[in-house]
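Q: I'm new to this one and would like a close look at a single part. Could you walk me through the main pocket and the aromatic rings around that part of the chain?

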Amino acid sequence: FFDTSIQLSDRWKLSAGLRYSDEDIEHDSYFFFDEPESGNPVQPGFPAQSSNDFNNVSGRLLLDADLTDGLMVYGGLTSGFKAGGIFSTSDGIRTYDEEQLLSYEVGFKSALSDGRVRFNGSWFYYDYEDLQVYAFVVGGDGLAYSTISNAADADISGAEFEFQWLPSDNLFVSLGLGFLSTEYQDFVLPDADYSGNDIPMSPSVTVNGLIQYDIPLNDQSNLTIQTSFNYQDEVWFDALNNP
C-alpha cells in the first residue's frame, strides 16, 4: 500500500493512494447425508477440491480545499476490490468472481460559532461490477440453496448530512440524515431475473439523533443524562424483493 499527500497551495491539497492485493484460496470439502429416521443410511458424497487466485490494483484520488477557516470541501474517486471465493452445496462446489467498485464522492465539512456548531454533508455514487450477493439457486438434487452469486452490475447513490451543536458546555445535540437509492442493473440467474430490484438491507431514508446533558457532581465526577433515537425506512431481505 502506498499513500501520499501534496500541498498544492495554502488551501488546496491532493491525496493519492495505490494498493496491490493478491489472495490465494484453497477449498477442500466432503459431503455426506445421514437421515436414519427415514431409513436412509449414511451416504458418502463427493470429495471436492478447488483453488483460485485473485489479484488487483486499486487506488484513490482526493482533492480537498479549505475555502475559509471554517469550511472545507472535498471530492474524490476511489476504486475497491473484494476477492471471489468457493463454497459447497450438496451436489458440488460453486465459485464466484471478485467484486470491483468505483466510488465517487463530494462533500463539505464546516465549523461555525467558534466550533460549537458543526455541519457536514456528502453525496456519493458507487458503481459495482460483479457485486457479490446472497441468492437462492436450485441444485442438481432439486433443492434450493443459499449461495453467493455475482450481480453483473449494481448502482448505489445517496447523500448523508450530520449536524452537531454544543449550545452550552453541558449540553450536546446531534442529528443525522441519510438518503439511499440502490438497484441491480444486470443480475440474471438460471432460475430468476433480479435486474431492476433494490439491493437488500438498503433503507431509502435513515434518521438518528442524540441529546446529552452533563451534570457536574464535583471536580472529578459527572452525571450524564442521554436520550437517542434511530429510524430507518423499510428494507428488502432478499434480492428477489419478496414482500
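A: Here is a walk through the pocket, then the ring pairs, then two serines. Keep in mind that this is a predicted model.

Let's start with the open space. The largest pocket has a volume of about 310 Å³. Its lining is made of 24 residues, and the ones that lie nearest the centre are A159, E160, F161, L177 and G178. Several strands chip in: β7 (99–112), β8 (117–138), β9, β10 and β13 (205–216) each give at least two residues to that lining. As for chemistry, the lining splits into twelve nonpolar residues, eight polar ones and four charged ones.

Now for the rings. The structure has seven aromatic pairs. One of them joins Y104 and Y125 in a tilted arrangement, with 6.0 Å from centre to centre and 35° between the planes. That pair links distant parts of the chain, as Y104 sits in strand β7 and Y125 in strand β8, 21 residues apart. Y104 counts as partly exposed because its relative accessibility is 33%, and Y125, at 24%, counts as partly exposed too.

Another pair is F119 with F161, and this one is stacked: the centres are 6.4 Å apart and the planes differ by 15°. F119 belongs to strand β8 and F161 to strand β9, so their pairing ties together parts that are 42 residues apart in sequence. F119 has a relative accessibility of 34%, so F119 is partly exposed. F161 is partly exposed as well, with a relative accessible area of 32%. Remember F161 from the pocket, where F161 is among the residues nearest the centre. Ring pairs also bring in F108, giving a cluster of F108, F119 and F161.

F119 leads us to the first serine. S110 lies in strand β7, and a polar atom of the S110 side chain is 2.5 Å from the backbone oxygen of F119. Leaving aside residues up to four places away in sequence, S110 touches G70, L71, V117, R118, F119 and N120. With a relative accessibility of 10%, S110 counts as buried, because the cut-off for buried is under 20%.

The other serine, S168, is in the loop between β9 (144–165) and β10 (171–186). At 27% relative accessibility, S168 counts as partly exposed. Its C-alpha atom is separated by 9.5 Å from that of Y213, although S168 and Y213 are 45 residues apart along the chain.

How values were computed
Residues numbered from 1 in each chain as written. Predicted model: local features only at pLDDT ≥ 70, side-chain atom pairs only at ≥ 80, totals over all residues. Heavy atoms only, no water. Helix = DSSP H or I, 4+ residues; strand = E, 2+ residues; numbered from the N terminus. Buried < 20%, exposed > 50% of the residue type's maximum accessible area, 1.4 Å probe, protein only. 1 Å grid on protein atoms, 1.4 Å probe; cavity = no way out; pocket = protein on both sides within 12 Å on 5 of 7 lines; lining within 4 Å. Points joined across faces, edges and corners; volume = space filled by probe spheres on them. Nonpolar A, V, L, I, M, F, W, Y, C, P; charged D, E, K, R; others polar. Polar contact = N/O pair within 3.5 Å; in protein donor to acceptor, adjacent residues only side chain to side chain. Contact = heavy atoms within 4.5 Å. Phe/Tyr/Trp six-rings, centres within 6.5 Å; stacked < 30°, edge-to-face > 60°.
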